[in-house]
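Work through the exercises below with the model open beside you. Try each task before you read its solution.

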Amino acid sequence: MIIKSIKLTNFRNHHSYKLTCDDKTSLILGSNGWGKTSVLEAIYILTRGKSFRATDPEILNRDSEYYRIELEYVNGETTVATYDGKTKNFIVLDKKQKRLPKKHKYPVVLFLPSDLNLISHSPGRRRDYFDRIFAEFDEKYATSLSKYHKALKQRNELLKKDYLKEDNLFSWNIMLAKYGTDLHNYREQFTQEINQKLTPTYHSIAENNDKITINYQSEAPKSEQTYLNHLEKNYERDHYLGHTTFGIHRDDYVFNFNNQPADGSASRGETRSIILALKFIEADLINQKLHQKPIILLDDVFSELDETRRRCLIKNFKDNQVIITSVGSSS
Ligand SMILES: Nc1ncnc2c1ncn2[C@@H]1O[C@H](COP(=O)(O)OP(=O)(O)OP(=O)(O)O)[C@@H](O)[C@H]1O
Ligand SMILES: [Mg+2]
């Protein structure tokens, strides 16, 4: 899918802004705080259904009562999102809906400067990162994840109560075991698929013999029953601590560089090449799985990359629609 234009009204600092996009590459130039990332954020909301960095109250322009964003695709299709301080609506084909319908979601590969620190980020940031990608690979992943988090929240709320009967947790345990094993299997499968491509893709960026792998680390078992047993066994400890101490919400993805943890062994440049390779693979797997070319959103990453890696990035995404932001004069 190709974006024709994006219009922003009262979205962050933009009271009224329109970008007409090129089929190939569009460049958004502006000084710091001009609102470049916000334009990508609006595109992301209208293609993926929610922001990659904030909630609607934070996004709504501080002096305004509503925001409205509108994306037009080259085939004439439009997606609108509105928020009035209370209610968020998506309008697609003249129909108002609370969420962006699956049929009107389009794949995006988002590259933020902070992604370059993914390898040394906290496990939570890495989980969020891969959750976002895996949800693009398969909508069922997104559904299981949202059900898992709902159940986890409910279970944790109960665990905070002084008086609690173990039986009260039963239905939440069942759900956590069901969706937990489901997500565990997806994570294992998707990490494996990434790993198959990681070293060769890395070699296409940095010509050497280094071996790169992602080690998916999870304490969760493959069987739903064993998962359930673990949750039940931990009841007293969880009640004492007031939260669920076992499950896939504690997973991690460790990057290895020549069989050593990359965090601490790979150089800055090598780390950048690994992340670049990961982005190429994301686009590749989206292509393979969904038969769609993702839209590429590059937020100010050029300044973080050297000439060789910049050229590599452009070359790799030459057949995609790419929207780039960069610090500079917009005149
Ligand atoms: N809800 C809001 N209402 C009004 N202004 C906001 C709101 N949220 C953020 N801003 C401001 O909007 C501006 C644009 O933010 P944005 O992150 O898009 O800028 P940017 O051009 O990407 O900047 P940088 O080059 O530093 O990354 C910032 O000055 C920010 O403080
Ligand atoms: Mg920015």
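Domain bounds here come from an automatic or database domain assignment. Keep in mind that this is a predicted model.

**Exercise 1. Overall build**

Task: Describe the protein chain as a whole, then find its domains and say how they touch.

Solution.

Step 1. Start with the elements. The protein chain has nine helices and 13 strands.

Step 2. Look at the extent. Along the principal axes, the C-alpha atoms fill a box of roughly 65 × 55 × 35 Å.

Step 3. Test the chain against a compact globule. For 331 residues, such a globule would have a radius of gyration near 20 Å; the protein chain has 21 Å, so the two agree.

Step 4. Split the chain. Domain 1 takes residues 3-106 + 293-327, and domain 2 takes 123-289. Their centres, taken over C-alpha atoms, are 27 Å apart.

Step 5. Examine the contact. Domain 1 brings 10 residues to it and domain 2 brings nine. On the side of domain 1, helix α9 (residues 307-316) gives the most, with four residues. That side holds five nonpolar, two polar and three charged residues.

**Exercise 2. The six-stranded sheet**

Task: Give the strand order of the six-strand open sheet, name its edges and follow the pairs along it.

Solution.

Step 1. Write down the order. The sheet runs β2-β1-β4-β5-β6-β7, with antiparallel pairing. As a reminder, strands of a sheet pair through backbone hydrogen bonds, either parallel or antiparallel.

Step 2. Find the edges. β2 (14-20) and β7 (95-97) each pair on one side only, which makes them the edge strands. From one strand to the next, the twist averages 15 degrees.

Step 3. Take β1 with β4. Strand β1 (residues 3-11) and strand β4 (residues 67-73) are antiparallel, with six bridges. In this pair, Ile3 stands opposite Tyr73 in β4.

Step 4. Add the helix. α1 packs on the sheet and touches β1, β2, β4 and β5 (78-83). The direction of α1 makes about 110 degrees with that of β1.

Step 5. Move on to β4 with β5. Six bridges hold this antiparallel pair. Leu71 faces Thr79 in β5.

Step 6. Continue to β5 with β6. β5 and strand β6 (residues 88-92) pair in the antiparallel sense over five bridges. Val80 stands opposite Ile91 in β6.

Step 7. Finish with β6 and β7. Three bridges join these antiparallel strands. Val92 has Lys95 in β7 as its bridge partner.

**Exercise 3. Three hairpins**

Task: Which residue in the turn between β4 and β5 has a positive phi? Do the same for the turns between β5 and β6 and between β6 and β7.

Solution.

Step 1. β4 and β5 form a hairpin with four residues between them. Gly76 in that turn has a positive phi of about 95 degrees.

Step 2. The hairpin of β5 and β6 has four residues between its strands. Here Gly85 has a positive phi of about 95 degrees.

Step 3. The hairpin of β6 and β7 has two residues between its strands. Leu93 in the turn has a positive phi of about 50 degrees.

**Exercise 4. The three-stranded sheet**

Task: Give the order of the open sheet of three strands and describe the pairing of β9 with β10.

Solution.

Step 1. The order is β9-β10-β11, and the pairing is antiparallel.

Step 2. The edges are β9 (212-217) and β11 (260-261), each of which pairs on one side only.

Step 3. β9 and strand β10 (residues 252-257) run antiparallel and are joined by six bridges. Gln217 stands opposite Asp252 in β10.

**Exercise 5. Around the ligand**

Task: How many residues surround ligand 1, and which are the closest?

Solution.

Step 1. Count the shell. Ligand 1 is surrounded by 17 residues.

Step 2. Name the closest. They are Asn13, Gly33, Lys36, Thr37 and Ser38.

Step 3. Trace the elements. Those that give two or more residues to the shell are α1 (36-48) and α2 (56-59). α1 gives the most, with three residues.

Step 4. Sort by class. The shell around ligand 1 has four nonpolar, eight polar and five charged residues.

Step 5. Link back to Exercise 2. The helix that gives the most to this shell, α1, also packs on the six-strand sheet.

Notes. Residues numbered from 1 in each chain as written. Chains lettered and ligands numbered in written order. Predicted model: local features only at pLDDT ≥ 70, side-chain atom pairs only at ≥ 80, totals over all residues. Near = placed C-beta within 6 Å. Nonpolar A, V, L, I, M, F, W, Y, C, P; charged D, E, K, R; others polar. Contact = placed C-beta atoms within 7 Å. Pairing = 2+ DSSP bridges. Axes fitted to C-alpha atoms, helices over the stretch in contact; angles between N-to-C directions. Rg over C-alpha atoms; globule rule 2.2 N^0.38 Å.
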